[in-house]
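Me: Could you take a close look at one part of this model for me and walk me through what surrounds it? I'd enjoy a connected account rather than a list.

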Amino acid sequence: MGESSPEGVSSFGRSGMRTALSALVTDYGGVLDDHGTEQPGARAPLLVRLGELRERGVATALLSNGNSVPPEVADAGVLDVMVLSAEVGTSKPDPAIYHLTAEFLGVSPRNCVFVDDVARNVSAAVRTGMVGVLHRDVASTLDELAVLFE
């Protein structure tokens, strides 16, 4: 029934056909900088998970309305693409920025999971065809990503 990735990851798109999930797009502020219950100084759990997924072949991107990325994220080796609104001339929740990020990753928005802590940004991503995850806390976001990518 439909496509699936080598890991068997898939979701149902708008047409009801299965669509392989092959990319993870995440915000920085409120998401990747959320350490949850980890000790200060430890690598943020969602940053660790990004690296694990990237090692499995999932394309990874940071999409931020900020104008810079902290070195501990930029130099972590877990991101394929970093899209900053100040550099591309548009910002969330404009649909163009989600399409642009998917294009930079070389995938369709339908193949992307988008994580943000702002509901209107997640809703906008879903309207472009992405699977949306509203980040409320580290544990629930990690659980959602496990379901989507495993």
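Reply: Let's start with strand β3, which is covered on both faces: Ala23 and Val25 are buried on one side, and Leu24 and Thr26 are buried on the other. Please keep in mind that this is a predicted model. Along its edges, β3 pairs with β4 in the parallel sense over 4 bridges, and with β6, again in the parallel sense, over 4 bridges. To place these pairings residue by residue, look at Leu24, which stands opposite Thr60 in β4. Towards β6, Ala23 stands opposite Cys112, and Val25 stands opposite Phe114.

Leu24 is a good residue to click on next. Leaving aside its neighbours within four places in sequence, it is in contact with Leu50, Leu53, Val58, Ala59, Thr60, Ala61, Val113, Val115, Leu145 and Phe149. Leu24 also belongs to the largest nonpolar core, a set of 24 residues. Leu24 is among the residues with the most contacts inside that core, along with Leu32, Leu47, Leu62, Val73, Val113 and Phe149. Two or more residues of this core come from each of α1 (28-32), α2 (45-55), β6 and α7 (138-149). Of these, α2 gives the most, with 4 residues. Apart from this core lies another one, of 17 residues, and Ala23 is among its members, as are Ala59, Val81 and Met130. If you colour the two cores separately, then, Leu24 falls in the one of 24 residues and Ala23 in the one of 17.

From β3, step across to β6 (112-116). In β6, 5 of its 5 residues are buried. Here too both faces are covered, with Cys112, Phe114 and Asp116 on one side and Val113 and Val115 on the other. Besides its pairing with β3, β6 pairs with β7 (residues 131-134) in the parallel sense over 4 bridges. Phe114 is a handy landmark in this stretch: Val25 stands opposite it in one pairing, and Phe114 itself stands opposite Gly132 in β7.

Asp116, in strand β6, deserves a pause. This acidic residue has a relative accessible area of 0%, so it counts as buried. What does its side chain find there? One polar contact, of 2.8 Å, goes to the side chain of Lys92. Another, of 3.4 Å, joins the side chains of Asp116 and Asn121. Leaving aside its neighbours within four places in sequence, Asp116 is in contact with Asp27, Val31, Lys92, Asn121, Val122, Val133, Leu134 and His135.

Asn121 leads us on to helix α6 (119-127). Asn121, Val122, Ala124 and Ala125 are buried in this helix. These four cover an arc of only 160° around the axis, which puts them on the same side of α6. On the other side of α6, Arg120 and Arg127 are exposed. The cover over the buried residues includes α5, β6 and β7. Just after the helix, Gly129 takes a positive phi of about 110°.

Since α5 is part of that cover, let's finish there. In α5 (residues 95-105), the buried residues are Ile97, Tyr98, Thr101, Ala102 and Leu105. They sit on the same side of the helix because they cover an arc of only 135° around its axis. These residues bring us back to where we began, as they pack against β3 (23-26), and also against β4 (59-64), β5 (81-84), α4 (85-88), β6 and α6. At the N-terminal end of α5, Asp94 acts as a cap, with a side-chain oxygen 2.9 Å from the backbone nitrogen of Ala96. Just after α5, Gly106 takes a positive phi of about 80°.

For the wider setting, the protein has 7 helices and 7 strands. Of its 150 residues, 45% count as buried. Among contacts between residues at least 6 apart in sequence, 53% join residues at least 24 apart. Leu24 illustrates this kind of reach in its contacts with Val113 and Phe149.

Notes:
Residues numbered from 1 in each chain as written. Predicted model: local features only at pLDDT ≥ 70, side-chain atom pairs only at ≥ 80, totals over all residues. Heavy atoms only, no water. Buried < 20%, exposed > 50% of the residue type's maximum accessible area, 1.4 Å probe, protein only. Contact = heavy atoms within 4.5 Å. Arc of directions from axis to C-beta. Polar contact = N/O pair within 3.5 Å; in protein donor to acceptor, adjacent residues only side chain to side chain. Core = buried A, V, L, I, M, F, W, Y, C linked by side-chain atoms within 4.5 Å. Pairing = 2+ DSSP bridges.
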